[in-house]
Amino acid sequence: MSRQIVLHATDLDGYLTQEDQDNISQMHELYDKALVQYQKYAQELEVGAPGRAKDEIIGLYNQMGDLMKDITGTHDRIQVYSFLQPKENHGEVSRLIAKLRDTRTQRQEFVYYIQRAYELLFQLAYHMGQTTRKNHLIIKTPVTQPVQNYAVHKIPAIDDKLENTVMCVMLRGALLPSMIMSKEIQEYSSSGYVTPFALFRIRRDDRKQERDMDYLLDLDYSYFDLESLNDKDLIFADPMNATGGSLVTIIRYLESQGVVPRSIRFFTVISALKGALQVARAVEHIRIYTLWMDPVLNTAAYILPGLGDAGDRLNGRDSDELPRNMIQLIADYGQNIANLYRWQVREIEQTVLGKMI
Ligand SMILES: O=c1cc[nH]c(=O)[nH]1
């Protein structure tokens with residue numbers, strides 16, 4: 001018998017306050033206006049004369065951005081990179097998100113921008129600019145004349161924040177982002193700490209609509225050691241947070257098994273306003289870091305304007321007859337990625353297959 005944990009959309013109800021719901025409705029009103037303008041804009045493009053609709057869309061985006069900034073400004077557990085960074089840095093992240101959304105961005109380029117996104121998220125979460133203590137790295141270089149050379153590099157001393165972490169992977173869409181986060185931790189830990197991995201096979205039932213969605217955690221294809229999650233700093237890295245349902249399903253399951261983490265951090269590239277609020281309300285003490293916030297969801301629980309299915313764009317689509325397993329997915333990322341993240345790949349393989357000598 002398969003061991004499946006199911007969270008229903010209705011289990012998520014009741015977390016949002018009346019004020020949250022009003023804010024979400026206000027975003028929907030603005031976004032509905034934008035949808036009307038998109039149609040006009042498409043017609044204007046067809047005749048080669050972008051005009052009024054373009055200006056209307058820009059105006060609405062300014063309004064929606066200001067509103068989301070105000071709303072999230074009152075939640076210190078929701079950190080939105082694009083709202084918190086000084087205006088000078090805004091262009092970089094805006095351009096990055098634009099590339100991820102663009103239908104012309106192919107898989108390799110998409111992976112490249114996701115890597116950059118997670119580097120920025122890491123900076124956001126670990127406040128590197130504000131850490132004055134430093135660790136010294138002494139690096140052996142390839143230059144041996146006149147003697148073996150070494151170079152000294154100072155990095156922020158944040159080992160205490162990194163070396164108790166466990167990377168919790170929401171398979172499959174979050175596999176590569178989780179490997180990226182784990183590598184960031186390894187690079188900033190002075191001892192080269194490689195995070196353990198806990199792998200959770202979680203998916204939404206895509207035949208359903210947001211209001212009756214099921215979130216399915218498949219324990220038969222999940223790999224983790226409950227004991228090793230206690231008192232740890234758990235990190236989740238899901239590129240897209242639509243409703244927060246997948247994350248809440250895993251956390252509720254861990255709680256039901258008696259796991260008490262030291263902390264939980266959730267890293268997303270784009271979060272819908274509703275998803276961020278829902279997670280912040282449902283999971284006590286969590287901290288949410290998102291590079292960008294999008295205003296609303298459609299009825300199928302996709303983020304709007306969004307970037308489509310992040311899992312498909314990262315991993316490519318499986319054939320229906322022969323879906324790939326996780327090891328095949330990693331192999332499909334190619335030699336470069338497998339080499340770059342070789343410590344993470346080894347840790348993941350050991351988690352799935354058991355310790356090997
Ligand atoms: O828009 C969305 C929502 C959830 N997951 C995705 O990949 N995209």
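1. A quick word on terms before the loops and helices come up: strands are DSSP runs of E with at least two residues, helices are DSSP runs of H or I with at least four, and both are numbered from the N terminus. Also worth keeping in mind while you read: this is a predicted model.

2. Let's start with the loop between β7 and β8, since E227 sits there. E227 has a relative accessibility of 67%, and the bar for exposed is over 50%, so E227 counts as exposed. Its C-alpha lies 9.8 Å from that of V260, with the two positions 33 residues apart in sequence numbering.

3. D231 belongs to the loop between β7 and β8 (233-237) as well. Have a look at its backbone: phi is positive, near 60°, and the residue is not a glycine. With 51% relative accessibility, D231 also goes down as exposed.

4. A301 is another non-glycine residue with a positive phi, in this case about 70°. You'll find A301 in the loop that runs between β12 (296-297) and β13. Is A301 buried or exposed? Its relative accessible area is 0%, and buried means under 20%, so A301 is buried.

5. On to the cis peptide bonds. One links Q145 to P146, with omega at about 0°. P146 is part of the loop from β3 (134-140) to β4 (150-156). Another cis bond runs from L304 to P305, again with omega near 0°. P305 falls in the loop that connects β13 (303-304) and α11.

6. If you're thinking about pockets, the largest one holds about 1300 Å³ of space. Its lining has 47 residues, and R172, G173, R201, I202 and R203 are the ones closest to the pocket's centre. Several elements give two or more residues to that lining: the strands β5 (165-171), β6 (197-204), β7 (214-223) and β9 (240-241), plus the helices α9 (245-256), α11 (310-315) and α12 (326-333). Which element gives the largest share of the lining? That would be β7, with 5 residues. By class, this lining splits into 21 nonpolar, 13 polar and 13 charged residues.

7. The second largest pocket comes out at about 900 Å³. Here 24 residues make up the lining, and those closest to the centre are I57, I58, Y61, N62 and W292. Elements with two or more residues in the lining are the helices α2 (18-46), α3 (52-73), α4 (81-84) and α5 (87-101), along with the strand β11 (287-294). The largest share is from α3, at 10 residues. The class split for this lining is 13 nonpolar, 5 polar and 6 charged.

8. Staying with α3 for a moment, that helix includes Q63. Q63 has 45% relative accessibility; partly exposed covers the range between the 20% and 50% cut-offs, so that is how Q63 is classed. Along the chain Q63 and L30 are 33 residues apart, and their C-alpha atoms are separated by 8.1 Å.

9. Now for a helix pair. A packed pair is described by the angle between the two axes and the distance between them. For α2 and α10 the angle is about 170° and the axes are 10 Å apart. Anything over 145 degrees counts as roughly antiparallel, so α2 is roughly antiparallel to α10. On the α2 side the contact involves D20, N23, I24 and M27, while α10 brings in L273, K274, L277 and R281. Sorted by class, the residues in this contact are 4 nonpolar, 1 polar and 3 charged.

10. How many residues of α10 are buried? The count is 8 of the 10 in the helix (residues 273-282), so α10 is largely enclosed by the rest of the structure. The buried ones are L273, G275, A276, L277, Q278, V279, A280 and A282. Two names here, L273 and L277, also turn up in the contact with α2.

Conventions: Residues are numbered from 1 along each chain as its sequence is written. This is a predicted model: local features need pLDDT of at least 70, side-chain atom pairs count only at pLDDT 80 or more; totals for chains, interfaces and linings use all residues. Side-chain values use heavy atoms; hydrogens and water are left out. Buried means under 20% relative accessible area, exposed over 50%, partly exposed in between (1.4 Å probe, protein chains only). On a 1 Å grid over the protein atoms alone, a cavity is a set of points where a 1.4 Å probe fits but cannot get out, and a pocket is an open set with protein on both sides within 12 Å along at least five of seven lines; lining residues have an atom within 4 Å of a point. Grid points are joined across faces, edges and corners, and a volume is the space filled by probe spheres set on the points. Ala, Val, Leu, Ile, Met, Phe, Trp, Tyr, Cys and Pro count as nonpolar, Asp, Glu, Lys and Arg as charged, and the others, Gly among them, as polar. Axes are lines fitted to C-alpha atoms, for helices over the stretch in contact, and angles run from 0 to 180 degrees between N-to-C directions. Angles under 35 degrees count as roughly parallel, over 145 as roughly antiparallel, 65 to 115 as roughly perpendicular and the rest as oblique. Contact means heavy atoms within 4.5 Å.
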